[in-house]
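Trainee: Can we go through this one together? I'd like to know what the labels rest on.
Mentor: Sure, ask away.

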Amino acid sequence: MMLLLELFWSFVKIGFTSFGGLSMIPLISGEMISHGWMTASEVSDIVAIAEMTPGPLGLNCATFAGMRAAGFLGAFIANMGALAPTFTLCYAASIFFEHFKNNKRLIQIMTGVRPACVGMVAGIVIQLALVNYSGADSKIHFPSLILGIVDLILLMKFKIPIPLVILFSAFVGIILFGVLSI
């Protein structure tokens, strides 16, 4: 029982003192090694596996570390610890927004924040488009651009599920850029 509490507390600390992703690795390593749950080599292996598997790095590491330290229950407890900050902050934010939802200042703040968020997302979309639709010579790569437009149409107009569009694009990618080498 004490091991599970230590696992939970370790991942609560990691979750509250890091902001996800790679910033969690030194904290996870420190906790795993200091408690004797893993060696540095094992932590390195877990980070490599966590990077290769779908999902957030922190949760994947928590799953593997918890499993290694205390089995399935350890994996569950470590994940609950890693998620505790998210749950806590989301719960606090929901209370805050519910309490102040009609507050004039909050409405003004959100009116300013929403367009800023859209602008940031648009900036990332443009940055990714420039990288993904241009070749090494920085010229537009039209087959990639056309594939992107087709994918957008499949998603928006025909409501094709995202996994199917990804599979379609992978198949077209193999044909266009592998077999035909366009």
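Mentor: Let's start with a term: a salt bridge is a side-chain nitrogen of Lys or Arg within 4 Å of a carboxyl oxygen of Asp or Glu. Keep in mind that this is a predicted model.

Trainee: Okay, so what makes Arg 68 and Glu 42 a salt bridge?

Mentor: Their side chains come to 2.3 Å, N to O, and the cut-off is within 4 Å, so the pair qualifies. The two partners sit in separate helices, Arg 68 in α4 and Glu 42 in α3, 26 residues apart.

Trainee: Why is Glu 42 called partly exposed?

Mentor: Buried means under 20% relative accessible area and exposed means over 50%. Glu 42 has 23%, so it counts as partly exposed. Arg 68, at 44%, is partly exposed too.

Trainee: How many salt bridges does the structure hold?

Mentor: Three. Another one joins Glu 31 and Lys 13, at 3.3 Å from N to O. That pair links helix α2, with Glu 31, to helix α1, with Lys 13, 18 residues apart. There's also Lys 101 with Glu 98, where the closest N and O atoms are 3.0 Å apart.

Trainee: Is Glu 31 buried or exposed, and how do you know?

Mentor: Buried: its relative accessibility is 14%, and the limit is under 20%, so the label fits. Its partner Lys 13 has 32%, so that one counts as partly exposed.

Trainee: Which residues of α2 are buried?

Mentor: Ile 28, Glu 31 and Met 32. Seen down the axis of α2, they fall within an arc of 95°, so they line one face of the helix. The face turned away from that buried side carries the exposed residues Pro 26 and Ser 34.

Trainee: What covers the buried residues of α2?

Mentor: The cover includes α1, α3 and α4.

Trainee: And how do you know that the buried residues of α3 are on the same side?

Mentor: The buried ones are Val 43, Ile 46, Val 47 and Ala 50. They cover an arc of only 100° around the axis, which puts them on the same side of α3. Their cover includes α2 and α4.

Trainee: What span is expected for α3, and what does it reach?

Mentor: With 13 residues, 18 Å is expected at 1.5 Å a residue, and α3 reaches 19 Å from its first C-alpha to its last, which is close.

Trainee: Last one: why is Ile 182 called partly exposed?

Mentor: Its relative accessible area is 49%, and exposed needs over 50%, so Ile 182 stays in the in-between class. It's also one of the residues making a nonpolar surface patch of about 690 Å².

Methods. Residues are numbered from 1 along each chain as its sequence is written. This is a predicted model: local features need pLDDT of at least 70, side-chain atom pairs count only at pLDDT 80 or more; totals for chains, interfaces and linings use all residues. Side-chain values use heavy atoms; hydrogens and water are left out. Patches are made of residues with over 30% relative accessible area and no salt bridge: like charges are joined within 9 Å, nonpolar side chains (Val, Leu, Ile, Met, Phe, Trp, Tyr) within 5 Å. Accessible areas come from the Shrake-Rupley method with a 1.4 Å probe; for residues, only the protein chains shown count as cover. Buried means under 20% relative accessible area, exposed over 50%, partly exposed in between (1.4 Å probe, protein chains only). Helices (H or I, at least four residues) and strands (E, at least two) are DSSP runs, numbered from the N terminus. The expected span of a helix is 1.5 Å times one less than its number of residues. The arc is that of the directions from the helix axis to the C-beta atoms. Contact means heavy atoms within 4.5 Å.
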